[in-house]
Amino acid sequence: MSSKIDILALDDGIPKGTSLWEDALVRLRKNKLSMIGLGFLIVIMVLCLLTPWIAPYGYEEQNLRLGAIPPSAEHWLGTDTFGRDMLTRILYGGRVSLLVGFIATAVALVIGVTYGAIAGYAGGKTDAFMMRLVDILYALPFMIFIILLMVVFGRNLLLLFLAIGAVEWLVMARIVRAQIQSLRQQEYVEAAISLGLSPAAIIIKHLIPNALGPVIVYTTLTIPNVMLLEAFLSFLGLGIQPPESSWGLLISYGVETMEEYPWLLIFPGLALTLTLFALNFLGDGLRDALDPKASKD
Amino acid sequence: MWRFIGLRCLQAIPVILAVITVTFFLVRAAPGGPFSSEKAVSPQVQAALEAQYRLDLPPLQQYTAYLVDLAKGDMGPSFYYPGRSVDELILQGLPITMELGFYALLIAIFVGSISGVVASLKPNTLQDYIPMSIAMVGICMPSFLLGPTLVLVFGILLDWLPVSGWGNSSGDKILPSITLGAMYAAYIARLSRSGMLEVMSQDYLRTARAKGLPEYVVIIKHALRGGMLPVISYLGPAFAALLSGSFVVETVFQIPGLGRFYIQAAFNRDYTMILGTTVFLSTLIVVFNLLSDIVAAWLNPRLRYQFNK
């Protein structure tokens with residue numbers, strides 16, 4: 001009893017140190033490229049969130065008399081062949097592109113973390129079997145399978161989320177499993193086991209929070225991959241279908257008319273590329289901040 | 001080493017079988033028969049067609065019959081192009097896709113590893129920042145954007161190179177190869193830079209320098225072997241990505257390769273063609289992954305050991 005009191009007293013005496021997260025935040029703040037990336041992303045996300053209220057024109061508002069005109073004072077980014085305002089269309093397209101990016105990544109995150117945590121915690125044969133399965137799935141040509149799924153089940157948004165998410169969870173599972181495996185050896189986990197906590201409680205309360213660093217880093221780097229995948233599919237005509245729009249779809253329209261109206265290609269292309277840039281820079285910065293050991297590749 | 005190769009090959013077989021099975025039943029599960037969208041045909045013709053494509057059999061028998069045919073190298077007739085077999089169509093598109101992929105991979109490996117190594121020699125200087133920033137652009141700029149941009153600049157504005165086709169006019173292979181290779185060049189540059197940086201700080205390189213070897217021998221003979229390992233293991237996945245990347249490049253540049261056939265088959269709902277191409281491409285990718293694993297194990301004995309354990 002007395003020892004317990006002592007420890008508590010000792011704890012109280014220690015001045016509050018900086019936590020791992022505060023430390024990482026300081027490191028991240030020093031990384032200029034990442035902060036620019038973060039700022040850009042916040043601006044884009046706010047603009048896309050508020051699109052229905054701030055967009056200068058209606059989404060389907062056509063002005064056929066106008067046709068495709070280059071950027072001007074009324075239409076900052078010009079108009080497309082139907083006389084629709086490009087800025088408006090890019091903002092609406094961004095909503096879909098970002099939505100796909102975030103939701104599909106969330107799907108990958110949930111599956112990957114759960115799977116990896118179970119494999120890492122269970123260890124032994126279960127782990128060997130589960131990870132071999134991941135190896136096998138990893139060797140499959142998923143792009144081809146996504147196209148196949150789109151053909152077989154029709155092109156709907158929900159399926160797109162699931163298909164992309166189902167592809168991207170593999171690496172996440174590997175990362176989480178490696179983390180959990182090394183954390184599992186630590187004394188505090190043994191203590192939790194001897195206190196009679198259930199494996200689920202140990203994984204959720206004690207292991208996953210400590211493995212969050214690499215997970216956050218990889219999540220940030222998955223979002224651009226997913227957005228690229230969506231744009232790729234939409235470009236081929238197998239992803240988002242009109243009248244919905246996305247940056248990939250806008251780019252594919254832009255390509256058709258780029259000789260006469262290059263701005264129809266340039267602006268959606270810039271929107272996509274800059275966002276991907278920002279996400280990658282933020283991801284690299286987060287990696288340096290949260291996971292200094294990881295190599296920069 | 002032989003044990004490693006043998007085990008690794010054994011592992012590839014269930015993967016290929018799984019691909020065939022999953023693809024087969026997915027395609028069979030697709031709504032609507034291949035002929036249901038056509039004009040109404042008489043029941044006799046319908047029956048004859050179904051018999052020709054073996055659609056009158058129960059699914060499991062269709063599957064085993066398909067496996068038997070596949071073992072003989074026969075992927076059946078195309079649903080969409082009457083009188084042509086899937087084998088024929090694949091063989092027609094394959095050489096073009098292979099050639100495109102080969103040039104792209106060549107560009108990716110040469111440009112990527114040279115700029116990565118150059119960057120790693122003087123980290124955190126301009127010699128590092130410039131190639132790595134270009135690599136970042138390469139990673140963020142998707143091929144379906146890079147391709148049209150290159151066409152716009154070099155094909156239309158400058159009028160230096162043809163904008164589409166493959167082997168029809170001189171120089172029309174340049175833009176597609178660059179478009180396809182750029183992204184992988186960027187990845188390889190980043191991988192080789194980090195690989196080299198990691199190797200450069202190791203003791204055996206200090207020994208090599210200490211015994212008075214000239215710097216270029218140290219780098220070429222000693223550092224590259226270890227530093228390039230991440231690049232070698234990336235080549236397997238890169239090949240898979242190159243194949244799917246060729247779908248876009250072939251569409252942008254109107255190249256009649258396998259990727260374009262696949263996309264067209266997807267739109268035409270040419271099920272046997274989709275099935276055949278998927279099985280074919282997957283097998284190709286699995287084989288290539290196998291090769292890249294074997295090369296990596298040959299270069300790095302530790303991997304062999306880990307696997308045999």
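**Figure 1. Burial and fold of chain B.** Of the 309 residues in chain B of this predicted model, 39% are buried. A residue is buried if 20 or more other C-beta atoms lie within 10 Å of its own, exposed if 12 or fewer, and partly exposed in between, with C-beta atoms placed from the backbone. Chain B has 13 helices and 0 strands. Helices (H or I, at least four residues) and strands (E, at least two) are DSSP runs, numbered from the N terminus. The C-alpha trace of chain B spans about 85 × 60 × 30 Å along its principal axes. Among contacts in chain B between residues at least 6 apart in sequence, 74% join residues at least 24 apart. Two residues are in contact if their C-beta atoms, placed from the backbone, lie within 7 Å. Residues are numbered from 1 along each chain as its sequence is written, and chains are lettered from A and ligands numbered from 1 in the order in which they are written. Local features need pLDDT of at least 70 and side-chain atom pairs count only at pLDDT 80 or more, while totals for chains, interfaces and linings use all residues.

**Figure 2. Overview of chain A.** Chain A also holds 13 helices and 0 strands. Its pattern along the sequence is α-α-α-α-α-α-α-α-α-α-α-α-α. Of its 297 residues, 42% are buried. Of the contacts in chain A with a separation of 6 or more, 69% come from residues 24 or more positions apart.

**Figure 3. The side of chain B that touches chain A.** Here 38 residues of chain B are in contact with 30 residues of chain A. Elements of chain B giving two or more residues to this side include helix 1 (2–29), helix 7 (174–200) and helix 12 (271–299). The residues of this side are 28 nonpolar, 7 polar and 3 charged. Ala, Val, Leu, Ile, Met, Phe, Trp, Tyr, Cys and Pro count as nonpolar, Asp, Glu, Lys and Arg as charged, and the others, Gly among them, as polar.

**Figure 4. Helix 3 of chain A.** Helix 3 (residues 32–49) of chain A has 18 residues, and its end C-alpha atoms are 26 Å apart, which agrees with the 26 Å expected at 1.5 Å a residue. The expected span is 1.5 Å times one less than the number of residues.

**Figure 5. Two faces of helix 3 of chain A.** S34(A), G37(A) and C48(A) are buried in this helix. They cover an arc of only 60 degrees around the axis, so they lie on the same side of helix 3 of chain A. The arc is that of the directions from the helix axis to the C-beta atoms. The buried residues of helix 3 pack against helix 2 (20–30), helix 4 (51–54), helix 5 (86–122) and helix 13 (263–290) of chain A. The face turned away from the buried side carries the exposed residues K32(A), G39(A), I42(A), V43(A) and V46(A).
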